[in-house]
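User: Please take me through the annotated site and the sheet of this structure, giving the reasoning behind each answer.

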Amino acid sequence: MSPATTMADIKTIGPFVVGVVVLLGLARLIEKVLGIQKHSSEPPFIPSKVPYFGHLYFIIRRGVSYYAELTAQYRKKIYSLAMPGGRLYVVNSPEVIGAIQKLPRVLSFWFIEASLTRNLGGISDKANDILLDNARGDKGSNSLVIDGMKATHQAMAGEHLETLTAQAIQRAEKELRLLETSGTENVVDLWEWTQHVFSMAVSRAVYGPNNPYEDLMVERGLVEFSDHTVTFLTGLPPWIFVRKAYKARERIVSAFHQFFAQKSDEKASKLVQVRAKVLRDYGIPEADVARFESVNGFGILLNLLPTAFWTLFHVLADAQLLEVVREEAKAALGSQKGDAILGEAVDLTAADRLPTLSSILMESLRYHTAGAAVRMVMEDHMLDGKFLLKSDNYVLIPNHGAHFDTEAWGANVTEFDAYRFDKRHGAKVHPTAFRGFGGGVNLCPGRTFASRIIVLIVASLVQRFDVEPITKSGGWEDPGRDETSMAIVLARPREKVMVMCTLMWY
Ligand code: HEM
């Protein structure tokens, strides 16, 4: 290197280095003045290269992969990250998750659900005050969120579950028939198709004959809206920062305004009726009832769609597995041409006789996990007598930690094992290591409904169609994972999967 080049380098790099040193010094000073007071009993604090702002910066830039990296590097069951305004406790071990699940009121999900609805749904101040009243649980055991959850669990069980399942598969059957009648060979984008079929099936079952999601703009609008969840939650005006998503939300809200104004809820499922009743009993203004329902779309649809996609993809992409599933489907639904039709006559208990498909569904949830559960610490608490959690901070449970824990899942934890959840293959599932449907009191009330319709619809599809990939290699190719959505617990496919569907019976 010549002396001239060295001088030039020093001239350019010099001010940069000075700038970095000044910024680091400033950050250290800010940390000293504004930083949190750490307690020795709190979970160990992970250092950051950049004081005060470092962890926050990497969380915003890298999302869940940042926690995965820290977990691999420090190997802690639970650790703390100091950040502006507080700390984040990150949990990685099924054992600690078990302790957290026993404390739903101290480590609350319901409080978070109540706090987020204002910005997400754009509800009025009056509705927000009612929603937050006793959300901390210090005025007895009733609140809008808790009573709404109780009603939801009841409306998703027993005879209501049967009705929901029957209506969902009948609506899916319409889409399968469309595929049958639009030619013997059809080119389909598998992710687009799966989203449409399952969105129609679930929303028809939930909202009845006047289902607002039958409008394609409303159906697609939910994804546009949910993809900008984080911006909505910041409280920044969405009509300026995420205009398209804001318009999509308002379109959904307006569709639900019309839905309730026309009393379509009276023809909808028990779930819609009881949720609207709880809101009205608590005095929520009618205009806000539609806004609450626009956010409910997140819970009933967004996780279900990628679960259905990955279940279908793994069955189709493995010829041996496909044969096993076809045999199973024949035995469960019947072997005659008409038996795989999901009409009124279909026996819903067939869903319980599809163990390989059910195992593939669960393994899809484990393997493609991308999200995290969040809890608010409502009061200072010594977790399991070992770790002090300070009030008004968040606990984060990135599902990846539990789903890829070698102690819980064994040496093949990084492989997709279709039979991992199949009891006939000796499956023994660790009670808190599987987070696909959450756990404890916050266990997903829609899990049986979602699992049943996915296995029944996939079973019917593979009995009626040959599905071949359209790729250069001619074989199935992994579409990769899109983990950008903060609203869901598993990844969506990153690349398109184009397929040719050929009807088998004609
Ligand atoms: C494959 C589809 C689904 C998946 C993977 C899924 C996943 C989950 C997960 C992981 C949680 C726990 C969240 C946490 O603990 O932080 C949850 C809770 C919930 N899910 Fe689902 N869900 C699915 C379908 C549904 C459906 C169809 C409904 C419709 C009723 C639903 C309604 C709910 C509700 C209301 C909760 C909150 C429960 C509570 O806080 O007590 N889910 N779901």
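**Annotated site, helix and sheet**

User: In which loop does Cys-444 lie?

Analyst: The model is predicted. UniProt, in an unreviewed entry, places the feature "binding site" at Cys-444. The place of this residue is the loop between helix 20 (406-409) and helix 21 (447-464).

User: Is Cys-444 buried, partly exposed or exposed?

Analyst: Leaving aside residues up to four places away in sequence, Cys-444 touches Phe-437 and Gly-438. A buried residue has 20 or more other C-beta atoms within 10 Å, and an exposed one has 12 or fewer. Cys-444 has 17 within 10 Å, so it is partly exposed.

User: How far apart are the end C-alpha atoms of helix 21, and what span should its 18 residues have?

Analyst: Of the 18 residues of helix 21, 16 are buried, so this helix is largely enclosed by the rest of the structure. At 1.5 Å a residue, helix 21 should span 26 Å. Its end C-alpha atoms agree with that expectation, being 26 Å apart.

User: Which strands stand at the edges of the open sheet of three strands?

Analyst: The sheet has the order 4-12-9, with antiparallel pairing. Two strands each have a single partner strand, so one side of each is left without a neighbour in the sheet. From one strand to the next, the twist averages 30 degrees. The edge strands are strand 4 (185-189) and strand 9 (465-469).

User: Which residue in strand 12 stands opposite Asp-189?

Analyst: Strand 4 and strand 12 (residues 498-503) run antiparallel and are joined by five bridges. Opposite Asp-189, in strand 12, stands Met-498.

Key: Residues numbered from 1 in each chain as written. Predicted model: local features only at pLDDT ≥ 70, side-chain atom pairs only at ≥ 80, totals over all residues. UniProt positions renumbered as here; feature names shortened; annotations may be inferred. Helix = DSSP H or I, 4+ residues; strand = E, 2+ residues; numbered from the N terminus. Contact = placed C-beta atoms within 7 Å. Expected span 1.5 Å × (residues − 1). Pairing = 2+ DSSP bridges. Axes fitted to C-alpha atoms, helices over the stretch in contact; angles between N-to-C directions.
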